[in-house]
Amino acid sequence: MKIKFEKVGLKAILHLRERYMLSLPEPQELFLEMKVRHAQAYLVIQDEITAGYLLLSGEGELLGIVTVDDVLN
C-alpha cells in the first residue's frame, strides 16, 4: 500500500468537503470554518486513488483530516 500527500487548492477538495459537511450531525464551528478558508489543502492518495484530504493552517496547525470510507475500508 502506497500513500502520498498532494498539495492542491481548496477547490480541488470542494466535493469531498461538501460530502463531509453533509455527514455531520451538527454544524461545524464558525471559528474553524474561518481558518479553513485560508488553509492549505492536501489530497491523501492511496494506491493512486483519492482516499481523503487534510487541511493545514498558515501556522502549520492541522485543522482536520477527512477520509473517504469506501476507499480505506
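At 51% relative accessibility, F5 counts as exposed. The cut-off for that class is over 50%. F5 sits in strand β1. With M1 and I3, F5 makes a nonpolar surface patch of about 390 Å². The model described here is predicted.

## Salt bridges

The count of salt bridges comes to 3. Side chains of opposite charge can pair when their charged atoms come close. The table gives each pair with its N to O distance.

| Pair | N to O distance | Location of each partner |
|---|---|---|
| K4 and E48 | 3.7 Å | K4 in strand β1 (residues 3-8), E48 in the loop between β2 (40-46) and β3 (49-56) |
| R17 and E33 | 2.8 Å | R17 in helix α1, E33 in helix α2 (residues 30-36) |
| K35 and E61 | 2.6 Å | K35 in helix α2, E61 in the loop between β3 and β4 (62-67) |

Start with K4 and E48, whose side chains meet in a salt bridge. K4 lies in strand β1 and E48 in the loop between β2 and β3, so the pair ties together parts that are 44 residues apart in sequence. K4 is partly exposed, at a relative accessible area of 32%. E48 is exposed, at 58%.

Next come R17 and E33, joined by a salt bridge of 2.8 Å, N to O. This pair links distant parts of the chain, helix α1 and helix α2, 16 residues apart. Is R17 buried or exposed? R17 counts as buried, because its relative accessibility is 10% and buried means under 20%.

The third pair is K35 and E61, with an N to O distance of 2.6 Å. K35 is in helix α2 and E61 in the loop between β3 and β4, so the salt bridge ties together parts that are 26 residues apart in sequence. K35 is partly exposed, at 25% relative accessibility. E61 is also partly exposed, at 36%.

## Helix α1 and its contacts

Helix α1 spans residues 14-23, and R17 is placed there. L16 is found in helix α1, and so is Y20. The contacts below leave out residues up to four places away in sequence.

L16 is buried, at 9% relative accessibility. Which residues does L16 touch? L16 touches L43, T50, G52, Y53 and V68. L16 and A51 are 35 residues apart in sequence, and their C-alpha atoms are 9.9 Å apart in space.

R17 touches E33, V36, Y53 and L55. Its partner in the salt bridge, E33, is thus on this contact list. The R17 relative accessible area is 10%.

Y20 is partly exposed, with a relative accessible area of 25%. Y20 is in contact with Q28, Y53 and V66. Y20 and L62 are 42 residues apart in sequence. From C-alpha to C-alpha, Y20 and L62 are 17 Å apart in space.

Y53 appears in each of these three lists: L16 touches Y53, R17 touches Y53, and Y20 is in contact with Y53.

## Strand pairing

Strands β2 and β3 run antiparallel, joined by 7 bridges. One bridge pairs I45 with T50 in β3. T50 is also among the residues that L16 touches. The two strands form a hairpin with 2 residues between them. In that turn, D47 has a positive phi of about 50°.

How many bridges join β3 to β4? There are 5, and these strands run antiparallel. The bridge partner of G52 in β4 is T67. G52 is another residue that L16 touches. Strands β3 and β4 form a hairpin with 5 residues between them. G60, in the turn, has a positive phi of about 85°.

In a regular strand the side chains alternate between the two faces of the sheet.

## Where the parts meet

The loops of both hairpins take part in salt bridges. E48, in the loop between β2 and β3, pairs with K4 of strand β1. E61, in the loop between β3 and β4, pairs with K35 of helix α2. Helix α2 also holds E33, the partner of R17 in helix α1.

Notes
Residues are numbered from 1 along each chain as its sequence is written. This is a predicted model: local features need pLDDT of at least 70, side-chain atom pairs count only at pLDDT 80 or more; totals for chains, interfaces and linings use all residues. Side-chain values use heavy atoms; hydrogens and water are left out. Helices (H or I, at least four residues) and strands (E, at least two) are DSSP runs, numbered from the N terminus. Buried means under 20% relative accessible area, exposed over 50%, partly exposed in between (1.4 Å probe, protein chains only). Contact means heavy atoms within 4.5 Å. A salt bridge is a side-chain nitrogen of Lys or Arg within 4 Å of a carboxyl oxygen of Asp or Glu. Two strands pair if DSSP finds at least two bridges between them. Patches are made of residues with over 30% relative accessible area and no salt bridge: like charges are joined within 9 Å, nonpolar side chains (Val, Leu, Ile, Met, Phe, Trp, Tyr) within 5 Å. Accessible areas come from the Shrake-Rupley method with a 1.4 Å probe; for residues, only the protein chains shown count as cover.
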